[in-house]
Amino acid sequence: MSKKVSDHVLERLRDWGVEHVFAYPGDGINGLLAAWGRADDNPRFIQARHEEMAAFEAVGYAKFSGRVGVCAATSGPGAIHLLNGLYDAKLDHVPVVAIVGQTNRSAMGGSYQQEVDLLSLYKDVASDFCEMVTVPEQLPNVLDRAMRTAMARRSVTAVIIPADVQELDYSPPEHAFKMVPSSLGMSHWAPVPNDEDLSRAAEILNAAEKPAILIGQGARGARQEVMEVADRIGAGVAKALLGKDALDDDLPYVTGAIGLLGTRPSYEMMMDCDTLLVIGSSFPYTQFLPEFGQARAVQIDIDPHMVGLRYPFEVNLVGDARETLNRLLPLLKHAKHSSWRKKIEKDTARWWEVMQRRAAVDADPINPEYVAHALNDLLPENAVLSADSGSAANWYARHLRLRGAMRGSLSGTLATMGPGVPYAIGAKFAHGDRPAIALVGDGAMQMNGMAELITIAKYWQEWEDPRLIVAVYNNQDLNQVTWEMRAMSGAPQFLPSQSIPDIPYGDAARLFGLHGVRVEKPEEVRGAWETALAADRPCVLDFVTDPAVPPIPPHAELDQIEAAATAVLKGDSDRVAMARQGFKAKVQEFLPGHRHREDRPGAEPGQ
Ligand SMILES: Cc1ncc(C[n+]2csc(CCOP(=O)(O)OP(=O)(O)O)c2C)c(N)n1
Ligand SMILES: [Mg+2]
């Protein structure tokens with residue numbers, strides 16, 4: 001039997017080491033599906049409930065495995081559904097290849113059924129590489145370049161294959177004019193900056209009296225080196241959300257997350273430092289970085305396209321974080337650990353105490369902060385965590401103490417709702433032997449997480465460790481936005497847009513053959529986590545949480561607090577609980593041993 005184009009595509013994916021393709025079928029890729037049948041489902045076709053979920057699963061897989069995520073969908077609606085997941089990958093710099101169908105070549109331009117101009121539609125999301133295969137000889141080159149470009153640029157690439165082309169007999173490019181042969185593979189590469197720039201960076205860091213380090217996901221492979229540099233120069237280390245698992249939260253000088261979802265010690269370190277070293281992060285919120293002119297700054301980034309961004313850096317080092325820090329270290333003097341570093345450690349210890357106490361505040365019925373906080377002691381050393389966009393991201397960022405081999409991620413830059421559950425599914429295909437835990441809002445659960453429980457039900461029995469825990473924050477509210485409206489514009493909660501139905505998520509899980517528990521009392525929270533961690537199958541924990549617990553930003557500006565107060569006066573439906581809860585959280589700061597923060601302009605005593 002002759003080999004068709006579609007057989008060749010799957011063969012080439014196998015040659016690239018691709019083991020899973022997260023996908024959804026449709027007649028635009030019927031040729032590929034038939035080839036999958038002939039290939040004994042190798043690479044595995046992992047069936048999501050929705051193409052956007054397939055894309056999120058590919059992103060989660062790529063984030064947690066460090067490999068390329070591959071997803072596939074039919075032409076028209078399938079390709080359109082993939083888009084949001086692909087943008088998530090693009091914005092978080094994750095390598096994902098999308099393979100999509102298209103109508104037959106003979107129908108193109110005929111306003112045909114499901115005909116969408118995919119080259120235009122994908123032009124932005126796959127701006128690094130987007131090609132349509134119109135003759136067999138374009139392969140393997142187009143697929144090879146899609147794989148290599150996704151890896152090299154940590155970006156999204158797309159291969160569009162019309163349905164009739166999938167069915168053609170495959171014939172490789174010849175040794176002839178206008179033919180483009182291609183080959184497999186790519187060696188590991190790690191760029192390094194030149195010596196002169198390294199010396200300039202060292203000079204700045206050696207002159208620092210109050211150094212701060214900000215790391216992102218680019219520092220993940222350089223854990224040891226970041227610790228050595230921080231110790232050598234006496235710096236504290238703040239982490240952008242995507243780099244939360246790049247360095248242990250248990251280290252005394254790790255101030256934790258930064259930004260709106262960040263911690264107070266991160267905020268203060270940035271406001272007071274005289275030197276800033278950014279490693280592998282494109283953290284966007286520049287208002288959380290030092291004032292211009294306040295700090296001399298050095299950046300290390302592997303991507304020359306991304307250096308120099310976000311701050312007036314004096315030296316932009318283009319290089320792999322680990323290799324660059326290894327070359328920088330011998331040039332750095334041992335700084336005496338000054339009062340600066342001691343203050344950072346003290347502030348950080350104090351912050352964890354405040355977190356402890358905020359988690360212990362009573363709420364109606366359950367304090368969402370406690371849900372995340374209670375998990376800390378129970379977290380398995382090899383856990384893989386995801387958080388959805390919404391208030392869950394706050395509690396993930398602030399309360400969870402990641403350490404060692406633990407991994408965690410969320411939609412850092414697109415901040416889209418919906419990836420919590422599919423990321424965890426991607427994690428299970430990347431590491432079937434590790435427990436996955438997703439922290440998800442009820443809005444995100446209703447948007448798509450519930451449907452993806454069916455995907456979990458379909459596959460869990462093949463996972464070596466069957467544990468996948470979905471923790472739902474059932475606050476019957478799109479709470480993050482409710483609070484943003486209160487804080488930013490002083491608007492009261494608009495119930496028609498914000499309020500969402502109470503669904504028994506645990507019951508739904510049990511209907512699908514999973515385990516499920518509804519948790520309605522604070523004293524049941526820890527036991528529920530223990531039950532889920534001891535379960536022989538995936539489990540949904542339906543935590544009924546209080547929407548009145550405010551996800552106040554670390555530095556909450558006075559005018560934002562005032563705006564929130566105005567919302568109360570304007571008749572917010574939840575005003576009584578909100579005022580009570582906000583007050584209770586704030587009061588934690590004033591407990592014995594905690595200094596008053598009102599001396600700082602723009603600071604409020606909240607956290
Ligand atoms: C696709 C998408 N739609 C809308 C938003 C805006 N948004 C951000 S958080 C949020 C509310 C999330 O609600 P829920 O999942 O219930 O979490 P909660 O904040 O209540 O814990 C919304 C609507 C978004 N980020 N992404
Ligand atoms: Mg909610």
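How many Å separate the centres of domain 1 and domain 2, taken over C-alpha atoms? The answer is 37 Å, in what is a predicted model.

**Domains and their contact**

The domain assignment splits the protein chain into domain 1 (5–166), domain 2 (195–347) and domain 3 (360–588). Where domain 1 meets domain 2, four residues of domain 1 are in contact with six residues of domain 2. Together the two bury about 420 Å², and 44% of that is on carbon and sulfur atoms. On the domain 1 side, Asp-92, His-93 and Arg-154 supply 79% of the area buried against domain 2, more than any other three residues.

**The sheet from S7 to S12**

Now for the strands. Six of them make an open sheet, ordered S9-S8-S7-S10-S11-S12, with parallel pairing. At the edges sit strand S9 (254–257) and strand S12 (315–318), each pairing on one side only. Ignoring direction, neighbouring strands in this sheet are turned by 15° against each other on average. For one pairing in detail, take strand S7 (residues 211–215) and strand S8 (residues 236–239): they run parallel and share four bridges. Ala-212 stands opposite Gly-236 in S8. Helix H11 (residues 321–328) packs on this sheet, where it touches strand S10 (275–279), strand S11 (296–301) and S12, and its direction makes about 135° with that of S11.

Asn-206 is worth a look too. This residue belongs to helix H8 (residues 195–206). Is Asn-206 buried or partly exposed? With a relative accessibility of 23%, Asn-206 counts as partly exposed, since the cut-off for buried is under 20%. Leaving aside residues up to four places away in sequence, Asn-206 touches Leu-331, Leu-332 and Lys-333. There is also His-334: it is 128 residues from Asn-206 along the chain, yet their C-alpha atoms are separated by 8.5 Å.

**The sheet from S13 to S18**

Another open sheet of six strands has the order S14-S13-S15-S16-S18-S17, again with parallel pairing. Its edge strands are strand S14 (407–410) and strand S17 (515–519), each of which pairs on one side only. From one strand to the next, the twist averages 15°. Strand S15 (residues 436–441) is parallel to S16 and joined to it by six bridges, and Ala-438 stands opposite Val-470 in S16. As for what holds such strands together, strands of a sheet pair through backbone hydrogen bonds, either parallel or antiparallel.

Two helices that touch this sheet have these angles, and H11 from the other sheet is listed alongside them:

| Helix | Strands touched | Angle and reference strand |
|---|---|---|
| H16 | S15, S16, S18 | about 155° with S16 |
| H20 | S15, S16, S17, S18 | about 170° to S18 |
| H11 | S10, S11, S12 | about 135° with S11 |

**The magnesium site**

H16 comes up again at the metal. Which protein donors does the magnesium ion (ligand 2) have? They are Asp-442 (OD), Asn-475 (OD1) and Asp-477 (O), lying 2.0 to 2.1 Å from the ion. Along the sequence these donor residues follow the spacing D-x32-N-x1-D. Asp-442 lies in helix H16 (residues 442–459), while Asn-475 lies in the loop between strand S16 (468–474) and helix H17 (479–489), so the pair ties together parts that are 33 residues apart in sequence. Both Asp-442 and Asn-475 are buried.

Terms used:
Residues are numbered from 1 along each chain as its sequence is written. Chains are lettered from A and ligands numbered from 1 in the order in which they are written. This is a predicted model: local features need pLDDT of at least 70, side-chain atom pairs count only at pLDDT 80 or more; totals for chains, interfaces and linings use all residues. Side-chain values use heavy atoms; hydrogens and water are left out. Donors are N, O and S atoms within 2.8 Å of the metal (3.2 Å for Na, K and Ca); water is not among the atoms, so sites may look incomplete. Helices (H or I, at least four residues) and strands (E, at least two) are DSSP runs, numbered from the N terminus. Buried means under 20% relative accessible area, exposed over 50%, partly exposed in between (1.4 Å probe, protein chains only). Two strands pair if DSSP finds at least two bridges between them. Axes are lines fitted to C-alpha atoms, for helices over the stretch in contact, and angles run from 0 to 180 degrees between N-to-C directions. Contact means heavy atoms within 4.5 Å. Domain bounds come from an automatic or database domain assignment. Buried area is the accessible area (1.4 Å probe) that two parts lose on being put together, summed over both.
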